[in-house]
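Student: I should like a close look at a single part of this model. Please take one sheet, follow its strands and their side chains, and then turn to whatever else can be said of the surroundings.

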Amino acid sequence: ITVILSEDWNMISGVSEPANVNSISDPYGLIIPNTIYSFGEGYELADVIEPGLGYWIRSYGDGNITISSDVRSGKSKFINRLTDANSISFNGQTLYFGVEIPQEEILSYSLPPKPPAGAFDVRYAGDWKIVSNGGAIEVMNNSHELRIDYTIQQDAWVLKNQLTGEEYSLTNSGTIDLFGDVTGFTLSKETASLPSDYVLAQNYPNPFN
């Protein structure tokens, strides 16, 4: 099947048999690597386009691609820049932070438009799944429970609940369980506290006695 893509995000379907995403014919290099998403509990990167389901795909421009159920599989040109990144997941949906992404590759770490109300979704402001120096995290929660798992490989970070103002220090790895309404967080690097006063006290014991 030939699919016509427009620049930016497109919603597509496939053929009557499963099709590996790496076997999609894209002669003009339209598909932005790492941007073919399915939707289950939340957005998930797709390896296979299943018949009868819809998928988001992001394109550099207008043009055609061809989806085929051929079993042959091509090699993906995508280079994963997240291996050394810190990670934080919300009910199993993972975001990354703390590493720089080359500007020419940044679109490969973008997310499709938010799902309809009632679904679960988490992302950085601007529809990203990675930031280098922190930022606002937007949460669409369809329950009153939120499990946060984090793994920190570099630096120390602070997660702040935008609704309550409560702060959580993120170092090494751990889990935070929250109950109640949550609308979002702010993620930032933890900075060392600076003293407000300096005092010179009497030396004691006096070593010169």
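**The open sheet and its hairpin**

Tutor: In this predicted model, the hairpin of β15 and β16 has 5 residues between the strands, and among them G165 takes a positive phi near 80°. Strand β15 covers residues 157-161 and runs antiparallel to β16, the two being joined by 4 bridges. Within this pairing, V158 of the hairpin stands opposite S169 in β16.

The side chains of β16 can be followed one by one. In a regular strand, side chains alternate between the two faces of the sheet. Along β16 this alternation is present: Y168 and L170 point to one face and are buried, whereas E167 and S169 point to the other face and are not buried. The residue opposite V158, namely S169, thus belongs to the pair in β16 that is not buried.

The hairpin is part of a wider arrangement. An open sheet is formed by 5 strands, in the order β11-β13-β18-β15-β16, with antiparallel pairing. At its edges stand β11 and β16 (167-170); each has a single partner strand, so one side of each is left without a neighbour in the sheet. From one strand to the next, the twist averages 20°. Further into the order, strand β13 (residues 135-140) pairs with strand β18 (residues 184-189) over 4 bridges, again in the antiparallel sense. There, I137 stands opposite F185 in β18.

The edge strand β11 also leads to a pocket. The second largest pocket holds about 230 Å³ of space. It is lined by 14 residues, of which Y43, Q93, T94, L111 and K129 are the closest to its centre. Two or more lining residues are given by each of β5 (43-45), β10 (93-97) and β11 (121-124). The largest share, 4 residues, comes from β10. Sorted by class, the lining comprises 7 nonpolar, 3 polar and 4 charged residues. Strand β11 therefore has two roles in this description: an edge of the open sheet, with one side left without a neighbour, and a contributor to the pocket lining.

One loop residue may be added. S23 is found in the loop between β3 (19-20) and β4 (31-39). Its relative accessibility is 12%, and because the limit for a buried residue is under 20%, S23 counts as buried. A polar atom of the S23 side chain lies 2.7 Å from the backbone oxygen of N20.

How values were computed:
Residues are numbered from 1 along each chain as its sequence is written. This is a predicted model: local features need pLDDT of at least 70, side-chain atom pairs count only at pLDDT 80 or more; totals for chains, interfaces and linings use all residues. Side-chain values use heavy atoms; hydrogens and water are left out. On a 1 Å grid over the protein atoms alone, a cavity is a set of points where a 1.4 Å probe fits but cannot get out, and a pocket is an open set with protein on both sides within 12 Å along at least five of seven lines; lining residues have an atom within 4 Å of a point. Grid points are joined across faces, edges and corners, and a volume is the space filled by probe spheres set on the points. Ala, Val, Leu, Ile, Met, Phe, Trp, Tyr, Cys and Pro count as nonpolar, Asp, Glu, Lys and Arg as charged, and the others, Gly among them, as polar. Two strands pair if DSSP finds at least two bridges between them. Axes are lines fitted to C-alpha atoms, for helices over the stretch in contact, and angles run from 0 to 180 degrees between N-to-C directions. Buried means under 20% relative accessible area, exposed over 50%, partly exposed in between (1.4 Å probe, protein chains only). A polar contact is a pair of N or O atoms within 3.5 Å; within protein, one must be able to donate a hydrogen and the other to accept it, and residues adjacent in sequence count only if both atoms are side-chain atoms.
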